[in-house]
Structures are given as structure tokens and as C-alpha cells.
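Reader: I am new to this structure. Please explain the terms as you go and show how each label is reached.

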Amino acid sequence: MINKRKAACVLSLSMMAFTGQLFSQQKDYPIQPVAFTSVHVNDNFWQPKMEVNANVTIPYVLAQCKANGRMDNFLRAAKKLDGDKLSEFPFDDTDVYKAIEGASYSMQNKANPKLDKYIDTLISIIGAAQEPDGYLYTFRTVHAKKPHEWIGAKRWEQEEVLSHELYDCGHLYEAAVAHYQATGKRTLLNIAIKNADLLVKVFGPGKLEEYPGHQIVEIGLSKMYRVTGNKQYLDLAKFFLDVRGPKGDAYNQANKKVVDQHEAEGHAVRAAYMYTGMADIAALTGDTKYLTAIDDIWGDVVNKKLYITGGIGATGNGEAFGDAYQLPNMSAYAETCAAIGNVYWNNRMFLLHGDSKYIDVLERTLYNGLLSGVSLSGDRFFYPNPLASMSQHQRSAWISCACCISNMTRFLPSLPGYVYAKNKNDLYINLFMGNSSNIKLALGNVNIVQTTDYPWKGKVDITVNPEKSLEFTLRVRIPGWAKQQPVPGNLYTFMDKKALPVMLSINGQPQSFVTEKGYAVLKRTWKKGDQVSLLLPMKTEKVLANPLVKDDKSRFAFERGPVVYCLEGPDNKDSLVQNIMVDTNAIANANYHADLLNGVDVISAEGKSTKRQLNSDQLIEANQQVKAIPYYAWANRGPSEMTVWIPYEASAARPKPAPTIASTSKVTSSLKNTRMYAAIKDQYEPADSKDTNYPYLHWWPAKNTSEYVQYDFDTTHTVSESKVYWFDDGPWGGCRIPASYKILYLKDGQWVPVKNTIPYTISKDGFNTVTFEPVNTTALRMEIQLPVDNSSGIHEWAIK
Ligand SMILES: [Zn+2]
């Protein structure tokens, strides 16, 4: 692949790029994004979020990287710090790179000399940690006496499996390009070039023929190619795709050649990064063979594997795509990184095809399943983004595997780069947010100013200011949701099939318009100060899922514009929402609350709550006002119940538990995580022992230990029966039914075993009942002996 002539040519091209001349590539996306550096967002929705990112998240994440050993990894590799202590994961270097990438974007949005100086210091440490031949991977360079079990004795040996060496490189390149573009400094870029040149020497046909275990280096190399003009980087990115499969695992998309893949499977983040990389290489090489594959995979995702929030990757089992229509809500994985990857991928699909349906998916992901990944305060984070909760979920201050945290840090300030795109003299308006932008078309420069209260209001005012009168085409995206098609395909539909008109005017004159690929096409000679006014019909919709999604059966979700809503405890009676039902005919009103959750629309509707009663299967129903808030804003007021999908039939509701001895008891346990306690007395019977869509209590990773749970009654009760439903997620998970268990009761301050009248049973997928001679007591305890090699868990423990 590499010969001397090419290498010489590459060198001169690189020189051109760096001497300030524009390096002109042969091929790239037919549509080009308008860079984040040209778009200045100034609205009331995104600008404050980007400000929180700059003022809170970036400094917070940098401080956490330091506190959690990531900076020390580089210092030790650079021999500026003694010892061989390393942080937890070999991919920890990427958190520093991603924080630098985010900081670079943010400094472009708003200058910050202090941060700039700090980043310079970091970059000099990273440079010092790089080995002389360009290799950069602190976990090997530190030469720990006991090397991390993932990394292998030699370089790249474990790359296809666990070492993440190339994953680290990919994030380094992305950071280096962002830093170079934002600051004009070549410091990090030079480090990246030295590293990429090493990869070019090591990998390729006839050299080391291995694929990256965790994709992203493909995207990084394409960016490096664009900036330096070194075609060897592009060739290597293409090689890393072509060398993949068919002998590897579906887990990381290596079970088939990439061109033979037509369905989304395996680890969702790796997959989304790979599909993004495939789009990049198709665009940059003009090689269309990847397109059939990613077009098919995209169809598979939007028709069968996409959450209404835009989240992807349904299952925590391998952090992976589930089967078609497998979209559980409470156990939804929908990793924040996967949402970010979904935005990257859909943006590339748009740049290839020029169709607004890709931006529909991008926008849905952005306003919902991506934005939910960070708290309003900017310093708490979700890794999975569930669509229902019994209070067991809450954002974390830090996660030892911090991928989602640093990914959010870098994504938010890059957002201005997704608003516009251009193709010669066609200017695309993809996202609606207040901003002022300077865009270079083939014929001349245009300043565009957007003013809007989107996503709360559907009115968008666009001022067009060409430097001189200029004929060009403005392509204004008409979102799918405004045409009663929330998502391309048939996975989700609005209950109301009737679309209201989208209105467009130019300089106050109503304008009829044609649409092409989802865009209103406005071709004319534009002059300074021309006003385009777009009025999108913002109304509250009820969304239905395809009947094949069993988890959304007899339920609907509220949506307004691009924003998906949820019911959350603090806004609803008794802080409960799982027991709520709303009729499909209920009239829903939306009102803006400036003082709630930094300003949100709240949807209210007349609904019902249901609760169980003792000694009867009949549910008690009561009318109540139901309130919904935007999904992205949930979990900012402490742990609480939440649901996106609202039952409209009693069969789908989860009634409030009846006041049994268990439900009125206080739970204590050898388990220290108190958030799991409520699970054992919530009166929900799971489908089977491995059902993760209902909360459960578990002792994983403990094994072979003796554990307990205990009910302290509200008063003295006579009890004579215990029913326990075990959690068991074999063969993949770590919990199995216990080795043994017994029931004890409190007698004169001592725990005494009950005298069982039938034998104890221990089986899966149903209740294990034991009866015993009645005892008069204030507390009952279950002692559980965990299996030798596994942990155990409990779905439900009922007593009588
Ligand atoms: Zn992640």
C-alpha cells in the first residue's frame, strides 16, 4: 500500500496544509458540515447548557481525571512521577483526550486563557509520555510490575480483544484535530502525527493484519487525513475496516466482513463508531461498497432497535443491541456513548444522502437520550439511560469506566457544528436554535441569524445576510414530527394522524414551497436582511410503538416537537407514577414553567391512579391530574419513579402495592446499597427469574458468603408463611439461586429459626413458598447462603 512516491507526495501535501494553504482533497462528503468554529449559538436552551458544560463539566471532569489517577498515568509514563501505580482501565487515557477535545471546542465558543494554559501543560505531559517511536499508551509505558491483565506482553497482542491500544489512538486523533482547529496550535497534532505514522508502519496488508477491538481509530484517522492530507492515514482507516471479520465475534462486529453486515448487532458504541467510520471512508475514497451495508443497518435500527428517545443498545448484556423490537424500558441500557455515536452516524448519513430523515433521528437523540446523560447541574451523569424507574436509578458523580462522562464533555460544545451544512450554493438548515453564523458558499459569504424559542415554540425566524445580493438555495428542514412521522419507518407513530400545516413566509409574505428529501427548497436571489419565518405546528402528541414492541403494549408516550416527555414522582400524587393510567382520549395541555428544571414545558392531563387492596384482586381507581416533564430533565430532584410509556389500559399499569405486612415493613440487609431495598416488597411478579425489567435486589459480586434481608414490622404480627422469588440471570450474568436459605424470627432479642411445616425449596421462575408454625413477632429475617461460584438475588419476598 505504501510506496515511496506516495509518501513523497503526502509529505508535500502535509506541508501545504501547515503553511496555511488549503489542502484540497479529491473526494469527501457531497454535503459539507459548517464547522463549529463558524456558528455562535446564543439561544435560551442550548447556550446555557453549553455554558454549564464550559463552567462546570469541563473543569469538573479534568479534576476528576486528576483525582482518579489519569493524569498520574501520563506523568508516570513520562517518568515525572515515581512508582508504577496505574488507574483502573487501559482506556483511561481517552478520558483525558476527550476532556481536551471538549475544552478545545468550548474555548472556540468562548475564550478561556486559563484553561488554554492548563491544556498546554497537559499536552506537554502527554508528549513526554509518548515513546520515541510514537507509541502512546501509558498502561504499557509505565512498565508496571504487574501489568494489567488486558494488555498482553507485547504491543498490540491483545488489541483485537481487550487492550484498547487503537481506541486510545483514535481519541487522541480526535482531540488533536479539535485542538488544532480551535486554537491553531500544532502541539497535540504533532504528537498525534507521530503516533499515526507509527500505526502506518506497523499495520497494513503484509504487515500486522489486525482489527481494532474497540472501533474509533477509523474516525480519528479520517480526521487526521483531512487535516494533514496524508493519504496513508486514510488508507489505514480503510484497512482497519476491511481487515475486520469474518472470524471474530459479533460482540465487536468482527463476525462478518463489514460489507456483509446488514443488521445492527453487538456492542452498540463500537457499532455506531464503526458505521460512522464506514460512512467517512465511503465519502473520502468514493468507494461505495460500504454504503449498502450502512444503509441496511440504518434501516434495521430505525425500524426495529431504536428507543423513542433515540437511544440505542437495549441490553446491558454486552452493552449491545437486542433482538428486533426488544426494547425494555426499566432495564434499557441506551448508553450515553451510544446516543452520541448515533448522532455522529446519522450526521454522516445525512452528509452522504442529503435526506432530512437522518437529522430527524439525530435531533430525537440529541433532545432526549443524549441530553439525559448529564444533570442540569453539569456534574452528575448517566451511563445507561432507562425509560422507566422505580427510584433505583440516579446519575453518578463519577464512574470508574468514565467513557460516557468524558464523551458528554466533548460532545456538547461541538453542537454548533450540527446546525448547518452546505453543498456548493445550497445551504441546509438542519437544527433550530438561536445563533449567528458565517457561512462560505461557492459564490460568496452569507451570515445567517436564527431567533427562536425552540424546542418550546415552533416559530423560527431566520435572517439571511449575504455579503452582496446572491442567488442560492436555502434548504430548511421540515422535521418528521411536524409531518406526523416521529421516526422514519414504522417503529413509532402518532395517534393523531392529521398533520397541521407548516407555514413559511419570506419578508412577511406567505410562501408556498416544494420539499425535496424533507427540506423546503427556497431558491432566490437573497439580499441583506431578508427574513424567512418558519412556523412548525408545535402540539402535544401521543406516540404509539409498533405492536411488536411488547414492553410498550397498551401504553403511549407524550411528545411535543422533538422532545419526549416522562412522568416523574415529584410532579405527581404521592410521588408515584408507575400506578398511573391516562386514557388515549385525554386532553393534554402544555404550559411553560420558567422556574422548573431551568425552564420546561409541562404537559398536564386528566388520568387515573390504581392501587391494590388486601383480600381482593379488584383494583381501586381514583381520578387525578397527571403531569409530564421532558425526559431529558428527569432525575434532577433525587431518586424517584419515572416512566416514559404511560399505560392506557389497566392491564399495563403497575398498581400501588396493597398494605401488606411486607410493604409496611422497614427493610434492612447485609447489602449496603439501600436503593435496592424497595424491590423485594413492590408486589411485582417478574416474568421469570432473569427478568431485569423489574427491580430486584442482589449481592453481586459477592459469592460464597452468608447474607440476609430483614423485615422490621410496623407492629407485632403473627406470621406463618414466606414466599420468595429468586433473581437468577444465568448463564451470562453473575447471579444464581442460592445454595440454601432459612427464615428466622425475632424472639426476646434473639434470632430463632422458624419451625417449617414443609421443606424449603429453591427453584427458578416462580415463588418458593414455605409454611411454618405461626410466630408472634416484630421482625422476620431471611438468611441466604450464596453459591460457591456465584452471587444471588431476590425479586420479591412476601410474607403472611
Ligand atoms: Zn459510555
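Author: Two strands pair if DSSP finds at least two bridges between them. Helices (H or I, at least four residues) and strands (E, at least two) are DSSP runs, numbered from the N terminus. This is a predicted model, in which local features need pLDDT of at least 70, side-chain atom pairs count only at pLDDT 80 or more, and totals for chains, interfaces and linings use all residues. Residues are numbered from 1 along each chain as its sequence is written, and side-chain values use heavy atoms, with hydrogens and water left out.

Reader: How do you know that strand 5 and strand 9 pair?

Author: Four bridges join strand 5 to strand 9 (residues 470-477), and the rule asks for at least two. The two strands run parallel. D426 stands opposite T473 in strand 9.

Reader: What makes strand 1 and strand 13 edge strands?

Author: The open sheet has six strands in the order 1-4-5-9-14-13, with mixed pairing. Strand 1 (32-33) and strand 13 (514-516) each have a single partner strand, so one side of each lacks a neighbour in the sheet.

Reader: Why is the pair of F89 and W150 called tilted?

Author: Rings of Phe, Tyr and Trp (its six-membered ring) pair if their centres lie within 6.5 Å; planes under 30 degrees apart count as stacked, over 60 as edge-to-face and the rest as tilted. The centres of F89 and W150 are 5.6 Å apart and the planes stand at 35°, so the pair is tilted.

Reader: Why is the pair of F432 and Y454 called edge-to-face?

Author: Their ring centres are 5.3 Å apart and their planes stand at 70°, so this pair is edge-to-face. F432 and Y454 also belong to a cluster linked by ring pairs, including W456 and W481.

Reader: Why is F432 called buried or exposed?

Author: Buried means under 20% relative accessible area, exposed over 50%, partly exposed in between (1.4 Å probe, protein chains only). F432 has 0%, so F432 is buried. Y454, at 1%, is buried as well. W150 has 18% and therefore counts as buried too.

Reader: How do you know that R155 sits over the ring of Y135?

Author: A charge sits over a ring if NZ of Lys or CZ of Arg is within 6 Å of the ring centre and within 35 degrees of the ring normal. The charged end of R155 is 3.9 Å from the centre of the Y135 ring. K723 lies over the face of F767, at 4.7 Å from the ring centre.
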